[in-house]
Amino acid sequence: MALDYRRCAEEIVANIGGRDNVAQAAHCATRLRLVIKDNGKIKTSELENVDGVKGMFENNGQLQLIIGTGTVNKVYDEFLAVTGMTAATKDDVKAAAAAQQPAWKRALKSVGDVFVPILPAIVASGLMMGVVEALGKAIPSFASTDWYAFLDMVANTAFAFLPVIVAVSAARVFGANIFLAAVIGLMMVHTGLLNGWNVGSAEAINSFFGIESGVIPTWNLFGNLKIGNYVVGSIARHGYQGHVIPVMIAIWFMSKIEKWLHKHVPEMIDLFVVPITTVFLTALITFMVVGPIFATLENYVLKGAEWLVQFPPGAMIMGALYPATVVMGLHHMYNVIEAGMLSSVGLNTWMPIASAANFAQFGACLAVGIKCKQGKLKTVAIPSSMSAALGITEPAIFGVNFRFMKPFICGMIGGACGAIFGALTKIGATAYGVTGIPGYLTINNYGLYTLLLLISGGIAFALTMFIWKEEAPEGGIAEKAAATVDTPKTEVPKSDGAEVTKKAVITSSAGEIALPTPGKVIPYTEIPDPTFASGVMGQGVGVEPDEGVVYAPMDGEISSVADSKHAIGIYGDNDEELLIHVGVDTVEMKGDGFTPFVAEGDKVKKGQKILEFDIQKIKDAGYPATVVMLLTNSDDYEDVKFGDI
């Protein structure tokens with residue numbers, strides 16, 4: 001019996017709390033995507049039983065209802081008619097879903113959005129810095145060579161100019177001009193300012209400014225005008241190397257200023273008024289407000305850390321809080337504590353605390369890398385964890401742990417446990433500047449240090465494996481259990497459409513459905529996506545493709561072509577509803593690498609080329625290239641069979 005699209009839409013609206021409870025609505029190739037204002041009004045059990053709804057799940061603030069290819073378009077049209085809403089895109093829905101989230105979640109998402117694009121740069125630099133520093137400590141003679149100097153320069157460039165990279169990425173996230181943002185980032189590491197890594201060193205301050213006081217000079221833009229003890233317009237003449245949060249805040253302010261000016265400045269003078277005004281005002285805010293706040297915070301953290309590490313409970317607290325100071329860009333000042341310890345007692349007992357904190361972040365990040373199923377995340381997490389093991393934690397923290405928060409907290413717990421062990425055993429180092437595995441070069445007790453790393457990294461790893469759960473990829477986790485299908489794996493040689501589609505891989509009373517592309521055929525239960533593998537969207541097969549071409553596996557009419565070009569629906573001449581989906585999560589590629597040769601409503605013949613795709617580009621983006629072919633109305637047939645029949 002054909003689905004009553006109008007009734008389906010009406011029942012969906014009734015069970016999600018009515019029109020007033022919907023913020024945005026869109027659809028993709030198979031799912032109705034809704035942003036709900038109040039999830040408490042959703043009648044879950046009734047919604048699951050609506051005729052036409054094959055499954056439901058929540059993902060990234062969206063309620064996604066699995067309807068099926070071809071059918072979802074018609075249900076969506078009726079949904080708009082029932083609610084009186086206008087059509088929205090998937091991006092509109094994502095934006096609306098993000099706006100519904102709590103402020104702290106939006107802040108965390110912004111940090112992740114800023115850092116994900118720049119991860120390759122900081123992961124590569126982090127790994128190289130760890131290796132170069134370890135070689136320099138292990139082979140002192142190598143540290144004085146030209147090769148060491150060159151490699152050190154290559155390795156630390158991304159971190160030396162990190163504010164510039166972060167500024168450009170933040171501008172993309174906040175919708176600001178990336179070149180103006182780069183200028184702000186460059187200002188924050190300007191060579192006319194004392195390097196931010198040296199703000200706690202009186203010797204470096206005196207040498208840089210040619211003074212003897214050990215106090216960083218200031219620019220007082222408004223003379224000695226004071227409010228209490230604060231000198232209005234006072235700018236400390238130091239840079240912000242290694243800082244992350246200040247530059248993100250600065251670019252956020254910049255985006256607001258720039259957008260306001262574009263709205264209010266006449267177009268004929270916009271080109272030269274907006275850029276100069278934006279840069280000038282952002283520079284003032286950055287160096288007069290954002291910078292001083294973090295400079296003050298640095299002083300408080302430094303004094304608090306010096307006091308806390310004098311007794312074991314304090315060491316435990318600092319082991320937990322150390323990663324948070326990395327997030328704020330305040331961790332570089334701990335060298336002052338280490339240098340003071342070496343000069344006064346000859347032993348650096350701060351180093352084991354920092355090592356415990358860093359190695360715990362390694363353990364948490366490694367657990368994410370091992371546990372996750374998304375190829376793209378795995379390729380980031382594993383190298384980032386290796387960098388953290390070598391003492392460079394920024395890739396692990398910003399790229400993985402802090403982004404998902406639970407691994408970050410697990411790392412804080414592991415760091416606290418390792419730090420209190422280090423304080424109780426009173427181990428220490430004879431130098432400073434290295435942690436993690438390179439720390440073996442300076443530690444005074446190898447056995448206890450090994451235990452410290454095992455405790456901190458092991459606890460963080462175990463907690464993350466137990467607590468953290470990977471978010472469902474685009475497509476979600478199905479509610480229905482997967483059916484098992486004993487499908488033989490067959491190899492099909494490369495050929496043209498006519499030859500590829502000779503053999504049927506799905507047969508039923510409705511007819512035969514052939515292979516869509518040459519390659520190895522696998523059961524749908526082995527498709528690397530929980531929704532497809534569950535069968536909730538219909539039974540079918542997967543193909544590990546040998547070439548990037550999709551042929552029509554049967555005669556019919558194109559019922560849908562996804563905006564992102566990666567999925568095509570076909571309505572067969574015998575009422576079959578077929579979905580061909582190239583790759584897993586490839587909707588995120590936004591059409592890059594896909595070339596369809598058909599449009600909705602086109603008639604196609606079996607063996608006709610309907611799509612080309614770039615297999616290597618899909619793999620380079622971190623997604624499986626499996627071609628999914630599902631008979632989405634397979635429940636209508638009792639005699640569906642799979643395999644080389």
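In which helix is valine 154 found? In this predicted model, valine 154 belongs to helix 7, the element that covers residues 146–160. Its relative accessibility is 34%, and valine 154 therefore counts as partly exposed, since that class lies between the 20% limit for buried residues and the 50% limit for exposed ones. Valine 154 also takes part in a nonpolar surface patch of about 430 Å², to which Trp147, Phe150 and Met153 contribute as well.

Before following the chain onward from helix 7, it helps to set out the whole. The protein chain has 645 residues, of which 54% are buried, and its secondary structure comes to 22 helices and 21 strands. Among contacts with a separation of 6 or more, 72% join residues that are 24 or more positions apart. The accessible surface of the chain amounts to about 28,300 Å², and carbon and sulfur atoms account for 59% of that area.

Helix 8 is formed by residues 162–174. Its 13 residues, at 1.5 Å a residue, should span 18 Å, and because the C-alpha atoms at its two ends are 18 Å apart, the expected and modelled values agree. The buried residues of helix 8 are Leu162, Pro163, Val164, Val166, Ala167, Ser169, Ala170, Ala171 and Phe174, a list that includes both of the residues at its ends, Leu162 and Phe174. After helix 8 comes glycine 175, which has a positive phi, near 75 degrees.

Helix 9 takes up residues 178–187, and its buried residues are Leu180, Ala181, Ala182, Ile184 and Gly185. At the start of this helix, asparagine 177 places a side-chain oxygen within 2.8 Å of the backbone nitrogen of phenylalanine 179.

Another asparagine is found in helix 1, which consists of residues 5–15 and has asparagine 15 as one of its members. Is asparagine 15 buried or exposed? With a relative accessibility of 12%, asparagine 15 counts as buried, because the cut-off for that class is under 20%. The side chain of asparagine 15 reaches back to the backbone oxygen of glutamate 11, at a distance of 2.8 Å. Leaving aside residues up to four places away in sequence, asparagine 15 touches Lys41, Ile42, Lys43, Glu46, Leu47 and Val50.

Note on methods:
Residues are numbered from 1 along each chain as its sequence is written. This is a predicted model: local features need pLDDT of at least 70, side-chain atom pairs count only at pLDDT 80 or more; totals for chains, interfaces and linings use all residues. Side-chain values use heavy atoms; hydrogens and water are left out. Patches are made of residues with over 30% relative accessible area and no salt bridge: like charges are joined within 9 Å, nonpolar side chains (Val, Leu, Ile, Met, Phe, Trp, Tyr) within 5 Å. Accessible areas come from the Shrake-Rupley method with a 1.4 Å probe; for residues, only the protein chains shown count as cover. A salt bridge is a side-chain nitrogen of Lys or Arg within 4 Å of a carboxyl oxygen of Asp or Glu. Helices (H or I, at least four residues) and strands (E, at least two) are DSSP runs, numbered from the N terminus. Buried means under 20% relative accessible area, exposed over 50%, partly exposed in between (1.4 Å probe, protein chains only). A polar contact is a pair of N or O atoms within 3.5 Å; within protein, one must be able to donate a hydrogen and the other to accept it, and residues adjacent in sequence count only if both atoms are side-chain atoms. Contact means heavy atoms within 4.5 Å. The expected span of a helix is 1.5 Å times one less than its number of residues.
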